[in-house]
Amino acid sequence: VPALNGTALCFTSAFVGMTVEPWMGGVWHLEGNDRVTVGAMVDVLSREYRRFISEPTGNLQAGGDILLRHLLLALLIRIHNVPRKEWAEEFGNPVVRQFLGLVENHYATMHTVDKYADLLGYSTRTLHRLCYEELGATPHQVVSERIAQEAERLLVLSDSPISAVGRSLGFDDAANFSKFFQRQAGLTPGEFRRTR
């Protein structure tokens, strides 16, 4: 995934009082008025959050956390209305772009490179060569990294049991999920969640 520079907003769907899962993931390329508007909304939200947590009367001024909820919800709605561009579009090779699109859509249910190669109509060897030339990574590394990225997000942003996080990512056995995650992140899922 290309390097990103920005502000991280961490929250739970319970905080905004609605399901936000369909809005997660992907990349929005903000340009022109969209960039200015979203940037201004993030600045306001950031200022109100700092006031809420650090000023003596911040909690009263915000009416509890109601103002933060409304500002965050407005920001999510505004971002949701910006056309989404998949990061896969940034790569030149059409096979690699297709592969990355498939990974984005199926990483939770398809873990083997053979299945992706079959869907694309190429041999595993050809897919491996094309990915390595374009991305500097093997198809297996791409799939594993995407699964681990989503696992990290779910571990931080949800209270779901670790076994449920693993199941949502296609791991029937919690021990297999834990081994996979530890190989990718260098920590067990429980350790990762505690450090975050």
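Let's start in helix H8, residues 139-157, where Glu150 and Arg146 sit four residues apart, about one turn of the helix. This is a predicted model, so please keep that in mind as we go. The side chains of these two residues meet in a salt bridge, with 3.6 Å from N to O. And are Glu150 and Arg146 buried or exposed? Both of them are buried.

Now stay on Glu150, since this glutamate has another partner. Its side chain also forms a salt bridge with Arg153, this time at 2.7 Å, N to O. Glu150 and Arg153 are three residues apart in helix H8, so about one helical turn separates them. For the accessibility values, Glu150 comes out at 10%, and because the cut-off for buried is under 20%, Glu150 counts as buried. Arg153 has a relative accessible area of 19%, which also makes this arginine buried.

There is one further member to add to this group. Glu104 joins Arg146, Glu150 and Arg153 in a network of salt bridges. As a general reminder, side chains of opposite charge can pair when their charged atoms come close.

Arg146 has one more thing to show us. Its charged end sits over the ring of Tyr107, 4.2 Å from the ring centre. So if you have the structure open, look at Arg146 with both Glu150 and Tyr107 in view.

How many salt bridges does the structure hold? The count is six. Let me pick out another of them, in helix H7. Here the side chains of Glu133 and Arg129 meet at 3.5 Å, N to O. The two are four residues apart in H7, which spans residues 124-135, and that puts about one helical turn between them. The surroundings read differently on paper from what we had in H8: Glu133 is exposed, at 56% relative accessibility, and Arg129 is partly exposed, at 43%.

Let's move on to the aromatic residues. The model has five aromatic pairs. Take Phe171 and Phe177: their ring centres are 5.4 Å apart and their planes meet at 55 degrees, so this pair is tilted. Phe171 is buried at 12% relative accessibility, and Phe177 is buried too, at 0%.

Phe177 then leads us to Phe181. For these two rings the centres lie 6.1 Å apart and the planes are at 45 degrees, so here again we have a tilted pair. Where do Phe177 and Phe181 lie? They are four residues apart in helix H10, residues 174-185, with about one helical turn between them. Phe181 is buried, with a relative accessible area of 0%.

Put these together with their neighbours and you get one aromatic cluster, made up of Phe171, Phe177, Phe180, Phe181 and Phe192.

Let me finish with the chain as a whole. It has eleven helices and zero strands, so to speak an α element at every step from the N terminus on. Of its 196 residues, 32% are buried. Among contacts with a separation of 6 or more, 62% are between residues 24 or more positions apart. And the accessible surface comes to about 11800 Å², with 52% of that belonging to carbon and sulfur atoms.

If you take two places to look at afterwards, I'd suggest the salt-bridge network of Glu104, Arg146, Glu150 and Arg153, and the phenylalanine cluster that includes Phe177 and Phe181. Thanks, everyone!

Note on methods
Residues numbered from 1 in each chain as written. Predicted model: local features only at pLDDT ≥ 70, side-chain atom pairs only at ≥ 80, totals over all residues. Heavy atoms only, no water. Phe/Tyr/Trp six-rings, centres within 6.5 Å; stacked < 30°, edge-to-face > 60°. Buried < 20%, exposed > 50% of the residue type's maximum accessible area, 1.4 Å probe, protein only. Lys NZ or Arg CZ within 6 Å of the ring centre and 35° of its normal. Contact = heavy atoms within 4.5 Å. Areas by Shrake-Rupley, 256 points an atom, 1.4 Å probe, with all protein chains shown as cover. Salt bridge = Lys/Arg side-chain N within 4 Å of Asp/Glu carboxyl O.
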